[in-house]
Amino acid sequence: MSFFKCIWLSITRRLSKSLILFMIVFLLGNVLCASLCISNSMNVLQKDFMQQLGAKLEIKNNTNRYQEYSGEYRENIEKLIQYFNSLKETGAVQYSDAQFLLNGFYAHDLTYRKSNGEELECSLPNTLHLYGTQENQLLDQANQKIEIINGRSFTKDEVKNGEKVILISDNFLMDGNKIQINDCIPVEKILYDSQFNVIYKEVSYYTVIGIFKKQEIIDDYNTYDSRNYDARIYTPYTTIINEYEQFQSLSELYPQSINTVTLSLEKIEIKMADMNDVNRYYDILDYYPVLKSHFQVITTQSIYEQIATPLDLLLDLAGILSYLTNIAMIALLSVTLFIFLKDRRYEIGIIYSMGLSKSRIIIQYILEIFVICFFAITISMGSGQQIGKTIANQMIDNQLEASKYVYIEDLSQEDLLRNYETKFDITFIGKVYANIIVVVIFTSALPIIYILRLTPKKILL
């Protein structure tokens, strides 16, 4: 008789026992498939999130305490910037943008129009935010924070040579009129004494090469400070470093003056070519102890871990369910199959006496279990996926309201939660079948030991 026909007859002739085994696997399989569906969907969500953000590394200012851009502090920042610039040449880094903020200059002819129509003059202290970028193409534009509606971005030569060119928001006015491309905006460097009397004044002219507007974004700051993209006036970072150095030289010429100008590194934004390289540089600040108290390192992975906090409970639940279900399935099936096998000991004795080897009996027995478990787990995939979807949706709905106003590094926790969906894909199917194969192997251990210890003489006499 055909080997596979023997397997089929063995299953169908013991239909009640086969159905009991089928129902055990089907019921526990629903829980197993639900847990695997949730964990698989979480992996897909994380992968999509990583691909969306890219292999990013950000060294960000984490303190409001001003540190003068000089001495060992400056040397370490310059070394850090040069290090990532050198990685560009090797292809390990796609871009490395050092972004500086210069405050303390004035523009008396310039005003900023707020969303409520109120106008703020840029002739007041700390109302002119010159934001220097290292990359000639603005990353804020690439990251869809702003959109250039007229003109262009910087050229490489303008960044290299520190040209006095700017990109400015369409919310700024000059002498009450809208700013046009090629307009020249007078920017004043002013030295004051302790009584705020003007000691020295110098005017520089910045040419407008681009006009932008802020996009509809999550991190929508409307207050007038550098966090508001509308309030930034973009210029090459070499330009504001040169301006700062000139101002410091002027301050030395007038020792009675007070320091009203500040230059600070806001962040260095790096995009690696390979996601695996990001973690290699996570401890980069350990090599620059002077900077460690002022900056923190943020990676794509660390952002995900923070923003996905509400989903951790869901992932933990899936892991516990999967673990317990596998143990329960192995234990319950092992006992059930052992009891069923004892009823077949005479059948095994007859097969032995016919000259068939123990290995053939074991293989047939394992295949019988596998066929029943395969059909049971296949059917349970659909219902298990629906159970997992129901559990996940209920837990996410409970979290949505609490996460509505939570933002991590300008990313909305609510948006991540809404992007979660259960996935029924080839990865999920592969995990389910791999799991059931492992279960069958462990389940068969006890019955196989029982079969190996049997002898025809003990069975039939």
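Here are some exercises on the structure above, each with a worked solution.

This is a predicted model, in which local features need pLDDT of at least 70, side-chain atom pairs count only at pLDDT 80 or more, and totals for chains, interfaces and linings use all residues. Residues are numbered from 1 along each chain as its sequence is written, and side-chain values use heavy atoms, with hydrogens and water left out.

**Exercise 1. The open sheet**

Work out in what order the four strands of the open sheet are arranged, and which strands stand at the edges.

Solution. Start with the secondary structure: strands (E, at least two residues) and helices (H or I, at least four) are DSSP runs, numbered from the N terminus. Two strands pair if DSSP finds at least two bridges between them. The order is S4-S3-S8-S9, with antiparallel pairing. Strand S4 (119-121) and strand S9 (177-178) stand at the edges; each has a single partner strand, so one side of each is left without a neighbour in the sheet. Now look at S3 and strand S8 (residues 172-174): three bridges join them, and Tyr112 stands opposite Phe172 in S8.

**Exercise 2. A residue of S3**

Decide whether Thr111 is buried or exposed, and find its contacts.

Solution. First, place Thr111: it is found in strand S3 (residues 110-113). Next, apply the cut-offs: buried means under 20% relative accessible area, exposed over 50%, and partly exposed in between (1.4 Å probe, protein chains only). Thr111 has 12% relative accessibility, so it counts as buried. Finally, list its contacts (heavy atoms within 4.5 Å). Leaving aside neighbours within four places in sequence, Thr111 is in contact with Glu119, Leu120, Glu121, Cys122, Asn171, Phe172 and Leu173.

**Exercise 3. Two positive phi values**

Find where Asp175 lies and where Asn182 lies, then give the phi of Asp175 and of Asn182.

Solution. Begin with the background: most residues other than glycine have a negative phi. Asp175, in the loop between S8 and S9, has a positive phi near 55°. Asn182, in the loop between S9 and strand S10 (184-192), has a positive phi near 80°. Then check the surface: Asp175 is exposed, with a relative accessible area of 55%, and Asn182 is exposed at 57%.

**Exercise 4. A parallel pair**

Describe how S5 and S12 pair, and how many residues of S12 are buried.

Solution. Strand S5 (residues 129-133) pairs with S12 in the parallel sense over five bridges. Within this pair, Thr133 stands opposite Pro236 in S12. Strand S12 (residues 232-236) is mostly covered, with five of its five residues buried.

**Exercise 5. The nonpolar cores**

Name the residues with the most contacts inside the largest nonpolar core.

Solution. A nonpolar core is a set of buried Ala, Val, Leu, Ile, Met, Phe, Trp, Tyr and Cys residues joined through side-chain atoms within 4.5 Å. The largest has 69 residues, and Ile59, Phe100 and Leu110 have the most contacts inside it. Apart from this core lies another, of 24 residues, among them Leu32, Ile372, Met381 and Val439. Turning back to Ile59, its contacts beyond four places in sequence include Leu80, Phe84, Ile268 and Phe295.

**Exercise 6. Glu147**

Locate Glu147 and say which residues it touches.

Solution. Glu147 is in strand S6 (residues 146-151) and is partly exposed, with a relative accessible area of 33%. Not counting residues up to four places away in sequence, Glu147 touches Ile211, Phe212, Lys213 and Gln215.
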